[in-house]
Amino acid sequence: MNNQEAMRMILAGINQNEYERQLERCVALGCEEAFLRENGFDETQLAEIRKGLEEGIDIKRYANPEYPWFLMETIREGLLLHVPTDEYIKIYDWQQLQEIIEGCRDGLEVSVYLNPELDASSMKEIRLSLAEGLPIEPYAKPVFDYMQLHQIRRGLQDNLPVEIFAQPELDCVIMREIRKGLEFQVDVLWLAKMGYSGEIMREYRRGKQIGVDLTKYIAEGYDAQQLAVIKDALVNKVKIEPYLSLRLFGTQIEQIVIGLKKRIPVESYAKVEFNWRQMQEIRYGLEQGFDTSLYTDPLFSAEQMKEIRLGLEQGIDVTVYANYRFTAERMHAIRTGSGTETSEHWMERYLTEEERNNFEEDQTEQIILGLGAGLDVNLYADSRFSAKQMEQIRLALEEHIDAAPLAMHCLRPREMKEIREYLKKRKMCDI
């Protein structure tokens, strides 16, 4: 018997003891034992029946074996407050019942939200409004979802004219921005009427609050993310205009703005051909005064650019690996493993020309990666292993796992991975 089975047996014993204890207490309070056993109530349901018997409630109104204990509890608590929750359960779900009970407990006029078409979250917003004495009644309708009702409640709290934005066709984000506009005395209603999104309204409002007018850029078609960066540039007196383009994402514009703030020549990377991560790598190089022309090419990925930039930081000759055909991983292995030596020199040192010719490029890469990591690659430097098989053996060596069980040509890469993960898990358990 394993530990899990033993634990299950212990828990079953505990549950059985609790069942008998609750059953005994229910019978002692006058409930028929046959009724309880025949309906198959568990110990948690019996606990709710026992509480009802102690409170003098007619337990037949909720003692249904199909009801989980928490639903029984909700019905029981409602009955204590003279709420016919045993009848309500036919039209309301458990969470709706809880909101009705909470309202009754607080002495609120719950009839305002006694509508099965209102979900529990909407009921909660109405209940909280009633508890604060807010005039929510005109808006307590299923046409508003709970997020819209939340905005209406916030507007009522601030004594705002909520009828301006309490329109079912407006989503909650637009409602929020009209509300915030009313709060800060910024007219955003015209944007809503023109069909702009709540996100664009937000950037316009925030700009107006700090003295920046984004109307021109909104009219030109910039999205909310772009507007947020343009707003930052205008606030900081950054001359972003010459570099703006609708084809640039907000994250790309952000990299240009950062460069302009640092007074570096952004022209080399302020182009739509570069994604924001490529722009960032070029910017890092420019900030350090490097000759970034060695990697200012959109054909290099951001990861490849990073490896070239880090090589420049180390002061090594990056031309030996600044080549599109080298993956970022391979660049890393060359950069960290030998400094100025190329991978070809490593292979020359390690294998004969005849042996080197037996490897495909992806197999060679796995050997290079292993050498770069300081591994003894003898275990997998065999052309009979595919590149994916080599990778699994290399990863095992990097994880300081006994890789010998993986080094069999008949194993598929997936099987090797399963063995590696098992050995890794076992090693962790031993630790």
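# Cysteines, cores and helix packing in a predicted model

The number of disulfides comes to 0. The structure under discussion is a predicted model. For cysteine 26, the closest cysteine sulfur belongs to cysteine 31 and lies 6.0 Å away, which is too far for a bond, because a disulfide requires the two sulfur atoms to be within 2.5 Å. Cysteine 26 is buried, with a relative accessibility of 0%. Cysteine 104, by contrast, is partly exposed, at 24% relative accessibility.

## Nonpolar cores

In soluble globular proteins, nonpolar side chains tend to be buried together. In this model the largest nonpolar core comprises 91 residues. Leu36, Ile152, Ile256, Tyr269 and Tyr321 are the members with the most contacts inside this core. Helix α13, spanning residues 224-235, supplies the largest share of the core, namely 5 residues. A second core, separate from the largest one, has 16 residues, among them Phe359, Ile367, Leu375 and Tyr380.

What surrounds tyrosine 269, once its neighbours within four places in sequence are left aside? Tyrosine 269 is in contact with Gln255, Ile256, Gly259, Ile264, Phe274, Met279, Ile282, Arg283 and Leu286. One of these partners, Ile256, is also listed with Tyr269 among the residues with the most contacts inside the largest core.

## Two helix pairs

Two packed helices are described by the angle between their axes and the distance between the axes. Helix α3 (residues 43-55) packs against helix α4 (residues 69-80) at an angle of about 10 degrees, and their axes are 8 Å apart. An angle under 35 degrees counts as roughly parallel, and α3 and α4 are therefore roughly parallel to each other. Their crossing is left-handed. On the α3 side the contact is made by Thr44, Gln45, Glu48, Lys51, Gly52 and Glu55, and on the α4 side by Trp69, Met72, Glu73, Arg76 and Leu80.

Helix α9 (residues 172-184) and helix α11 form another such pair, with axes that come within 8 Å and cross at roughly 15 degrees. These two helices are likewise roughly parallel to each other, and α9 passes α11 in a left-handed crossing. From α9, the residues Val173, Ile174, Arg176, Glu177, Ile178, Lys180, Gly181 and Phe184 take part. They meet Gly198, Glu199, Met201, Arg202, Arg205 and Gln209 of α11.

## Buried residues within helices

The table collects three helix residues with their relative accessible areas.

| Residue | Helix | Relative accessible area |
|---|---|---|
| Glutamate 99 | α6 (residues 94-105) | 11%, buried |
| Glutamine 151 | α8 | 8%, buried |
| Isoleucine 200 | α11 (residues 198-209) | 11%, buried |

Which residues touch these three side by side in space is considered next, leaving aside neighbours within four places in sequence. Glutamate 99 is in contact with Tyr113, Ala120, Met123, Lys124 and Arg127. The partners of glutamine 151 are Phe165, Cys172, Met175, Arg176 and Arg179. Of these, Arg176 also appears among the α9 residues that meet α11. Glutamine 151 itself is located in helix α8.

Isoleucine 200 is in contact with Ile218, Tyr222, Asp223, Ala224 and Leu227. Isoleucine 218 is 18 residues away from isoleucine 200 along the chain, and their C-alpha atoms are separated by 7.7 Å.

## Positive phi at two loop positions

Two non-glycine residues, both beside α9 in the order of elements, call for attention on account of their backbone. Asparagine 159 has a positive phi of about 55 degrees although it is not a glycine. Asparagine 159 belongs to the loop between α8 (146-157) and α9, and it is exposed, with a relative accessibility of 71%.

Where is glutamine 185 placed? Glutamine 185 lies in the loop between α9 and α10 (189-193). Its phi is positive, at about 60 degrees, although glutamine 185 is not a glycine. At 77% relative accessibility, glutamine 185 is exposed.

Note on methods: Residues numbered from 1 in each chain as written. Predicted model: local features only at pLDDT ≥ 70, side-chain atom pairs only at ≥ 80, totals over all residues. Heavy atoms only, no water. Buried < 20%, exposed > 50% of the residue type's maximum accessible area, 1.4 Å probe, protein only. Core = buried A, V, L, I, M, F, W, Y, C linked by side-chain atoms within 4.5 Å. Contact = heavy atoms within 4.5 Å. Axes fitted to C-alpha atoms, helices over the stretch in contact; angles between N-to-C directions. Parallel < 35°, antiparallel > 145°, perpendicular 65-115°, else oblique. Left-handed = near helix turned anticlockwise from the far one by under 90°.
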